[in-house]
Amino acid sequence: MPQSGDLLRLADAVLFPGFAGRTPPDWLRRRLGEGLAGVALFSRNIADPGQLAGLTAALRAENPLVLVGTDEESGEVTRLEVAGGSSRPGAYALGVVDDEALTEAVARDLGADLARAGITIDFAPSADVNANPDNPVIGLRAFGSEPELVARHTRAFVRGLQAAGVAACAKHFPGHGDTSVDSHHGVPVVAGDGVEDALLPFREAIKEGVRTVMTGHLLVPSYDAELPATLSPKLLTGLLREELGFDGVIVTDGIEMAAVSGAYGIGGAAARAIAAGADAICVGGERADEATAVEIRDAIAAAVAGGLLPEERLADAARRVRELATWAAASSGGSTGGSSGAGTDSRGGELGLVAARRAVRVTRRSAAPVLPLSGPASVVELAPEMNLAIDKGTPWGVGEPLSRLLPGTTVARLTAAEATGAALERLLGEAIGRPLVVVVRDAHRYAWQGEALRHLLSARPDAVVVEMGLPARADLGAAHVSTYGSARVCGQAAAEVLTGRL
């Protein structure tokens, strides 16, 4: 049934679609001119700071109040610096340092880069408490595994971002940390005995005045045994709005993710999310075309016409989004999109490297002088497949910065399929007479990394192990270096440790 133009415009006023390319397509320009709320940018939309500033200026030319959001957590999840790696460590490293002033300063510098590039919402920080070390999607994105620590640093990150005029977004409500399923693919279940701990950082973020909260596609049986949080009135309206007192914008995680779209379709999930209490629908990580944006808009309008979604609820959601857009425009002071300085290695890069250096932890297990390295090394990097939140093109590792500090260093990177016994034996042969450095990433989560480590260390007990994920154990190698992150600056800090410069 055809819907009225007013109702379609109201549906557009809560939608944040993604798009392909580095310039706005014609359909997006048209929809922005008709009142589309905003856009979600991904690494595919960003080439460099100047291009990004031009892109956001073009979006704003179509709709001066457009909200432009992106996932810039720093560390592993970066959009602004996806090509070269983040100049700031991620949340876990900041939690290890446990200096709230440093976390706030890093977030403020990040916010300044975002604001210069014309970004008005940063879908960060992750307020999740990573209580499950086997979590496949949170891990280093959290500030830690202790609720109080995560709460303190969540508040600090929110302060820093919003002081720069960029709306922060505490995610993934009510807490994705104590789960073992990636919500891109299935429905994670949150155990009832951990919910209160998981909620603490969100409570504190709300006290700090966080402007937005992102829903997690999580089933929380102690509150709602049937619907994931994104679709649950009990969680979004009852818990987040009424009990916790959040009055800002509730935005969904990617609505195309299987945890919610699998049962209802992408449009049906979007309509049900608004009915449950969400105010804005994010889409585009996996589906970024005009047809998807039209499908969601039309499904929301049809839900109003069919009685599933009260028009008053949709109007209230649009009002909240509009108020956020007004705040963002006022906070930017007219400076958004006007400079090409975002992402440069100025003060932000220096501060990020300082933070990464402070996060490094070294465990020496041999009396032999294995550190600093005695000369050019052989580096073996074991590379697991990353979850969808982390762009596969983001560089990481220790080999490249170590090669700059120790010319002549060789680097080999192996995936699970490549880490065969023959390949490892070949690398061991090439490393004879040279220091051996083995770099892993969440080794405890991947059996193949553990097997490769055992093979290499049985032949070379003098090897140094660098863990760039979560270090479940630090008793591997003659020396074990934990960086608590795989950002570019984390690799640089590790290389400095290996060469005695740190």
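The expected span of a helix is 1.5 Å times one less than its number of residues. Keep that rule at hand for the first view. The model shown in these figures is predicted.

**Figure 1. Helix 6 spans residues 147–163.** Let us try the rule on this helix. With 17 residues, helix 6 reaches 24 Å from its first C-alpha to its last, close to the 24 Å expected at 1.5 Å a residue. Is helix 6 mostly covered or mostly open? It is mostly covered, with 12 of its 17 residues buried. Among these buried residues are Pro147, Leu149, Val150, His153, Phe157 and Gln162. Their packing partners are helix 4 (91–97), helix 5 (100–116), strand 4 (121–122), helix 7 (195–208) and helix 11 (311–332). Just past the end of helix 6 you can find Gly165, which has a positive phi of about 85 degrees.

**Figure 2. Helix 2 (residues 26–33) has a buried side.** Look for Trp27, Leu28, Arg31 and Leu32, the buried residues of this helix. Why do they share a side of helix 2? They cover an arc of only 130 degrees around the axis, so they fall on the same side of the helix. Turn to the other side of helix 2 and you meet Asp26 and Gly33, which are exposed. The cover over the buried residues includes helix 1 (5–12), strand 1 (15–16), strand 2 (38–41), helix 3 (49–62) and helix 10 (290–306). Just after helix 2 comes Gly35, with a positive phi of about 110 degrees.

**Figure 3. Arg31 is a buried residue of helix 2.** Why does Arg31 count as buried? Its relative accessibility is 2%, and the cut-off for buried is under 20%. Setting aside neighbours within four places in sequence, Arg31 is in contact with Asp12, Leu15, Leu36, Ala293, Val294 and Arg297. Glu62 is 31 residues away from Arg31 along the chain, yet their C-alpha atoms are separated by 8.8 Å.

**Figure 4. Three strands form an open sheet in the order 5-6-7.** The pairing in this sheet is parallel. Which strands stand at the edges? They are strand 5 (169–173) and strand 7 (249–251); each has a single partner strand, so one side of each is left without a neighbour in the sheet. On average, and ignoring direction, neighbouring strands are turned by 25 degrees against each other. Strand 6 (residues 212–215) and strand 7 run parallel and are joined by three bridges. In this pairing, Met214 stands opposite Val251 of strand 7.

**Figure 5. Helix 7 and helix 8 both lie across strands of the sheet.** Helix 7 lies across strand 5 and strand 6, and runs at about 155 degrees to strand 5. Helix 8 (residues 233–243) lies across strand 5, strand 6 and strand 7. The angle of helix 8 to strand 5 is about 135 degrees.

**Figure 6. Two peptide bonds here are cis: Lys171 to His172, and Leu371 to Pro372.** Most peptide bonds are trans, so cis bonds deserve a second look. Between Lys171 and His172, omega is near 0 degrees. His172 belongs to strand 5, which is an edge strand of the sheet in Figure 4. For the bond between Leu371 and Pro372, omega is about 0 degrees. Pro372 sits in the loop between strand 9 (361–364) and strand 10 (378–382).

**Figure 7. Asp98 and Asp442 each have a positive phi.** Most residues other than glycine have a negative phi. For Asp98, phi is about 55 degrees, and for Asp442 it is near 55 degrees. Asp98 is in the loop between helix 4 and helix 5. Asp442 is in the loop between strand 12 (436–440) and helix 15 (447–459). How exposed is Asp98? Asp98 is partly exposed, with a relative accessible area of 34%, whereas Asp442 is buried, at 14%.

**Figure 8. Residues 334–348 have a pLDDT below 50.** For the protein, the mean pLDDT is 92, and 95% of its residues reach 70 or more. In the stretch 334–348, where pLDDT is below 50, the model has 36 contacts beyond near neighbours in sequence. Where pLDDT is low, the predicted coordinates should not be read in detail.

How values were computed:
Residues numbered from 1 in each chain as written. Predicted model: local features only at pLDDT ≥ 70, side-chain atom pairs only at ≥ 80, totals over all residues. Heavy atoms only, no water. Buried < 20%, exposed > 50% of the residue type's maximum accessible area, 1.4 Å probe, protein only. Helix = DSSP H or I, 4+ residues; strand = E, 2+ residues; numbered from the N terminus. Arc of directions from axis to C-beta. Contact = heavy atoms within 4.5 Å. pLDDT = per-residue confidence, 0-100. Pairing = 2+ DSSP bridges. Axes fitted to C-alpha atoms, helices over the stretch in contact; angles between N-to-C directions.
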